[in-house]
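Got your viewer open? Let's take a short walk through this one, stop by stop.

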Amino acid sequence: VQFTERKVQIGGKQPSGLFLATITRVLNEQVPFDGNDLAVSNIVCDNKQMLLGLSDGSLYSISWKGEFYGAFGLDSSQHNDSEVTSLSHSLANSIASGEAERAFASNYRVSKKSAIAQLEFCVSMRLLLVLYSDGQLVSCSVSKKGLKPVESIKAEKSLGNGDAVCTSIAGDQLILAVGTRRGVVELFDLADSGSLIRTVSLYDWGYTMEDTGSVSCISWTPDNSAFAVGWKLRGLTVWSVSGCRLMSTIRQIGLSSASSPVVKPNQDCKYEPLMGGTSLMQWDDYGYRLYAIEEGSLERILAFSFGKCCLSRGVSGMTYVRQVIYGEDRLLVVQSEDTDELKMLHLNLPVSYISQNWPVQHVAASKDGMYLAVAGLHGLILYDIRQKKWRVFGDISQEQKIQCKGLLWLGKIVVVCNYIDSSNMYELLFYPRYHLDQSSLLCRKPLLAKPMVMDVYEDYILVTYRPFDVHIFHVKLFGELSPTSTPDLQLSTVRELSIMTAKSHPAAMRFIPDQIPRDSALDNHISSSSDLLAREPARCLILRANGELSLLDLDDGRERELTNSVELFWVTCGQSEEKTNLIEDVSWLDYGYRGMQVWYPSPGVDSFKQEDFLQLDPDLEFDREVYPLGLLPNAGVVVGVSQRMSFSACTEFPCFEPTPQAQTILHCLLRHLLQRNKSEEALRLAQISAEKPHFSHCLEWLLFTVFDAEIS
């Protein structure tokens, strides 16, 4: 396959990024199968060898040079029949207990007469999955040399309970999703010997296998943060890794409904997409669109557009005051100012920018939430929420030289992680928010390699390279940051750590400032004070790709594991400039299948060095429909988003509406204060929170909590 220089134009404002290709056949050989009645499942391969799954239950090996190595079967004689893998996690979001008890990982046992229905090969994990037509799913180990030495392909164990119909691997998360005939999806932890993590289904929404049929297909997003599930008889649903239902084409009939939601033939069902079931699904390269084909309908492909949350991962920063969802060509901003309810504002990007730099790649909000930085394929643009104005590069040639791989805000300065195509190098660019131009560039800092994660706190920047090298820079500004002056910005390295660990790579790292009241070091931009050591953060939180959350001491390099199965986290201490910050006593919050956990520092002289230095609050239960976006510190709430559908007689399909939701954490804070005998602080918190527009309706409940603790 050779790509040409001829671009493919598909209409619309955005460039397709596609080029015409010429395909030349270089080999055409008849595979010498033993029988003529064999059927092939699919082909998996590495750079030297390919494997075919055959209908007699055997595998056939072929090289890319056309060398046929023949068929072979998997040897199961080496396994003990009593081998059973226990479950390592609680079955949150699980189906009925009777179903869950049957979902287990057993030893490898498969009928030789079963046909191979699907093969899946993960090169990085050296894992081969073999799915048989009778529902058996077998995991096989592969040698470092790949698929060529067929004798090194060893059957390890069977996963599930023998009713698997499809599989999909999330390589970054090391999670295997298995669709079953029961209409249930089982998630297995490949890093923990294939133990069952949890199951997800529509049982809790009143739909059973009789309504949806068996699972027909599963597709992970490119970043492995969510997966789509299609059913044989009806609809598709998108779930987060933790089991939150993000979107569904199937109408909601109410939680735990006893009535059967089977649609009667005389009902008007034309407004529900994929009413006849889903046969195929595929995400686009960026995870913005999910393409699906309805069962038995080949005349069209349905495209569902999605927005992404600004997750606390990678090289882009995130805000705690401004919650943003970004689509391929627009932003959805949660409006919370001066209103009793949260609203979603659709913010269209300038056509002049997005038409040339589609799609949106990175979004970051300033610390106060009043400015947004947005980067597409090239360059970046800034949005002033107060003035409702965009700021762009005046010189398009400068814009096209920037390939943004990450965004951070440093006070009034936007930091761009730029990739230089010509030299295959990375650098940090510092622009003032009032002018995007080469003449106003404050600093250009070359990086040693591609950054894995980045973070910023006050005037410190954290950059981490693979495998685990941590560099911390101090930023110092000379002169006034204004269009009328010529400020100079300098970076100095204040700390370097090279940590040896066998754990998975960090997905996110965030500074943990000392929880001591002090004046803001930024002073609205960057401090010029020389008192550096007193303010330099000495700790940071690490979230790994497998969901493990730990605390790293930057002084001695020691790492302490805190919890696991974490999907998101927010560092709250020292992050808000609000005068009425109701969550100033909280260190951080994390989110996973357990729900939201609130972490506090323990009382004592040094709260971070005691063995039980953190207490966690498990009272914010997991919400199966609301996905958290961020925090409103001045209201003491978590802002999330849920999917709603509206119907119109003038359109064929329903409108999918992301709807912001608010969940208070004030009851956690109150109990935390009461447990530490801080009665006056608890009463003051209840009185302040009652005056907040979002939670005036919580007054009665809050006062009940306070009076229940005998506070007058």
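Where in the chain is aspartate 585 found? Select it and look to either side: aspartate 585 is in the loop between strand 44 (566–571) and strand 45 (588–592). Keep in mind as you go that this is a predicted model.

Now switch on the surface for that spot. Aspartate 585 has a relative accessible area of 34%, so it counts as partly exposed, a label for values from 20% to 50%. Next, add Glu584, Glu680 and Glu681 to your selection: together with Asp585 they form a negative surface patch.

For the next stop, jump to serine 440. Serine 440 also has a loop for its address, this one between strand 34 (425–432) and strand 35 (443–446). Is serine 440 buried or exposed? Its relative accessibility is 14%, so serine 440 counts as buried, as the cut-off for that is under 20%. To see what is around it, show Phe430, Pro432 and His435: these are the residues in contact with serine 440 once neighbours within four places in sequence are left aside.

Time to zoom out and colour by secondary structure. The chain has 7 helices and 50 strands. Of its 712 residues, 55% are buried. Turn the surface on for the whole chain, and you're looking at about 33,100 Å² of accessible area, with 49% of that belonging to carbon and sulfur atoms.

One last thing to look for is how the sequence folds back on itself. Among contacts with a separation of 6 or more, 52% are between residues 24 or more positions apart.

Notes:
Residues numbered from 1 in each chain as written. Predicted model: local features only at pLDDT ≥ 70, side-chain atom pairs only at ≥ 80, totals over all residues. Heavy atoms only, no water. Helix = DSSP H or I, 4+ residues; strand = E, 2+ residues; numbered from the N terminus. Buried < 20%, exposed > 50% of the residue type's maximum accessible area, 1.4 Å probe, protein only. Contact = heavy atoms within 4.5 Å. Patch = residues over 30% accessible without salt bridge, like charges linked within 9 Å, V, L, I, M, F, W, Y side chains within 5 Å. Areas by Shrake-Rupley, 256 points an atom, 1.4 Å probe, with all protein chains shown as cover. Salt bridge = Lys/Arg side-chain N within 4 Å of Asp/Glu carboxyl O. Lys, Arg positive; Asp, Glu negative; His and termini not counted. Charge placed at Lys NZ, Arg CZ, Asp CG, Glu CD.
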